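Student: I am new to this structure and would be grateful for a close look at one part of it. Please describe how the sheet is built and what packs around it, and then turn to a pair of helices.

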Amino acid sequence: MKYKKQLKAVALAMVLASGASATFAQAEESIQFGLCFDLSKSYSFISPQVAQAARDLAMYTNDNGGIEGHPVEIIVRDHGNEPQRGVECYEQLKREGVFHFYFLSTPVTNAALPRAMKDGNILAQAFTGRGDAVDGEVFEWVFPVGPTYWQQAANDVAFIKEQLGGDLENAKIGFIYLDYPFGQEPIEILKTLSEKEGFELELYPVPLPGTDQSGAWSRIRRDKPDYVISWLLAGGHVVASREMRRNRFPIDRYLSVHWMNEVDIRNIGEEEAKGILRASNVAGGQDFPIIQTMLETYYAEGKGSGPEANVRDVYYNMGLAIQATAHEAARLAIKENGWPLTPEAMKAGYESIENFDANGLMAPVTVTPLDHGGSSKTRIEQWDGETWVPLTDWSAGYTDVVWDVVKENSATFSVK
């Protein structure tokens with residue numbers, strides 16, 4: 001009991017709720033966050049956990065005084081991973097007064113981005129979307145807080161270089177990916193690093209939805225890459241694991257993008273998955289005060305925003321980290337500029353975030369007007385048969401190379 005009281009005291013003192021009064025007037029105008037997610041098609045393996053985390057965090061925040069005394073409102077809509085539906089969701093919520101959006105889909109984010117830029121609305125793009133959007137001088141209203149896909153891929157190469165003794169001159173790296181915008185996003189940075197470091201890059205595109213990988217893995221068996229970086233999703237990893245066994249490719253040389261969770265491991269088989277690698281943007285597990293508070297305060301009383309099983313999923317942690325960052329931006333905006341909260345103030349709030357790690361859920365981020373990402377760091381984890389074990393600290397590699405590519409690409413962007 002003493003432990004629980006101490007845990008809740010720590011959680012209540014978190015920066016997520018700092019500055020809030022003990023209670024807020026119900027008549028106060030709410031702070032709205034629009035989550036246009038794919039809840040029905042391609043990304044339904046992750047969107048429910050992220051949306052549930054956002055709702056839980058809003059409930060927790062509201063129960064503890066809101067953000068600077070204002071309640072949080074989470075508005076969730078389904079876009080089915082269809083860009084046009086995502087744009088329609090944006091326009092509908094905009095008419096309802098929402099000016100902060102998150103789409104959790106690279107194709108939909110890319111479709112909505114020009115409108116958000118033109119309208120002067122906030123587009124959160126954490127862990128998805130175009131890599132050059134970290135350039136705050138160009139993408140003034142876009143906030144891809146955390147490492148982009150470009151930086152994640154660069155960090156993967158840096159890890160592989162370390163594993164191969166610090167020299168990639170004679171190395172061969174494979175890249176297996178879903179052949180649409182999400183999967184294609186890292187290719188440019190991988191090609192750039194291939195030229196810089198002298199390693200051979202082999203590309204293995206896989207058609208949607210990722211169930212047909214036999215041709216790609218036959219080529220991998222022939223090419224014998226030292227490592228394979230994977231930009232697959234959910235069941236795609238399960239198919240890849242079967243193909244690795246069939247083609248005798250060592251599973252501990254398969255390095256996945258962060259979209260691999262506990263469900264995927266169970267579907268592969270906890271023992272069969274032993275040795276598999278993933279690059280993570282957030283810390284997994286439930287050993288964090290805010291998650292323990294959610295489990296003991298809300299879920300133990302049947303008041304959670306969804307199934308308790310989702311709280312024990314790394315994607316829930318990701319949802320908390322993303323939404324906590326948005327809360328922090330709103331807190332800083334209101335503290336500095338007062339009420340009402342405007343898009344301009346929210347932008348300034350984001351650009352004032354300093355050394356914020358969502359109470360240990362992610363590497364610290366410091367966002368500036370020039371750098372809307374705020375962090376380039378990921379860590380590599382390995383499944384040991386029972387849990388994910390970090391092999392590295394939070395770290396980033398080739399940041400200068402990534403920013404060169406960012407600047408080269410962002411220079412060509414314009415709002416039509």
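Tutor: The sheet in this predicted model is open and consists of seven strands, arranged in the order β7-β6-β8-β9-β10-β11-β12 with mixed pairing. Its edges are formed by β7 (200-206) and β12 (388-390); each of these has a single partner strand, so one side of each is left without a neighbour in the sheet. On average, neighbouring strands are turned by 25° against each other, direction ignored.

Within this order, strand β6 (residues 172-178) and strand β8 (residues 227-231) run parallel and are joined by five bridges. One point of reference along this pair is G174, which stands opposite V228 in β8. Helix α7 (residues 187-197) packs on the sheet, where it touches β6, β7 and β8. The direction of α7 makes about 160° with that of β7.

We now turn to the pair of helices. Two packed helices are described by the angle between their axes and the distance between the axes. For helix α11 (residues 289-298) and helix α13 (residues 314-337), the axes come within 11 Å and cross at roughly 110°. Because of that angle, α11 is roughly perpendicular to α13. The crossing in which α11 passes α13 is right-handed. On the α11 side, the contact is made by I290, I291 and M294, and on the α13 side by Y316, N317 and L320. Sorted by class, the residues in the contact of α11 with α13 are five nonpolar and one polar, with no charged residues.

Terms used: Residues numbered from 1 in each chain as written. Predicted model: local features only at pLDDT ≥ 70, side-chain atom pairs only at ≥ 80, totals over all residues. Heavy atoms only, no water. Pairing = 2+ DSSP bridges. Helix = DSSP H or I, 4+ residues; strand = E, 2+ residues; numbered from the N terminus. Axes fitted to C-alpha atoms, helices over the stretch in contact; angles between N-to-C directions. Contact = heavy atoms within 4.5 Å. Parallel < 35°, antiparallel > 145°, perpendicular 65-115°, else oblique. Left-handed = near helix turned anticlockwise from the far one by under 90°. Nonpolar A, V, L, I, M, F, W, Y, C, P; charged D, E, K, R; others polar.
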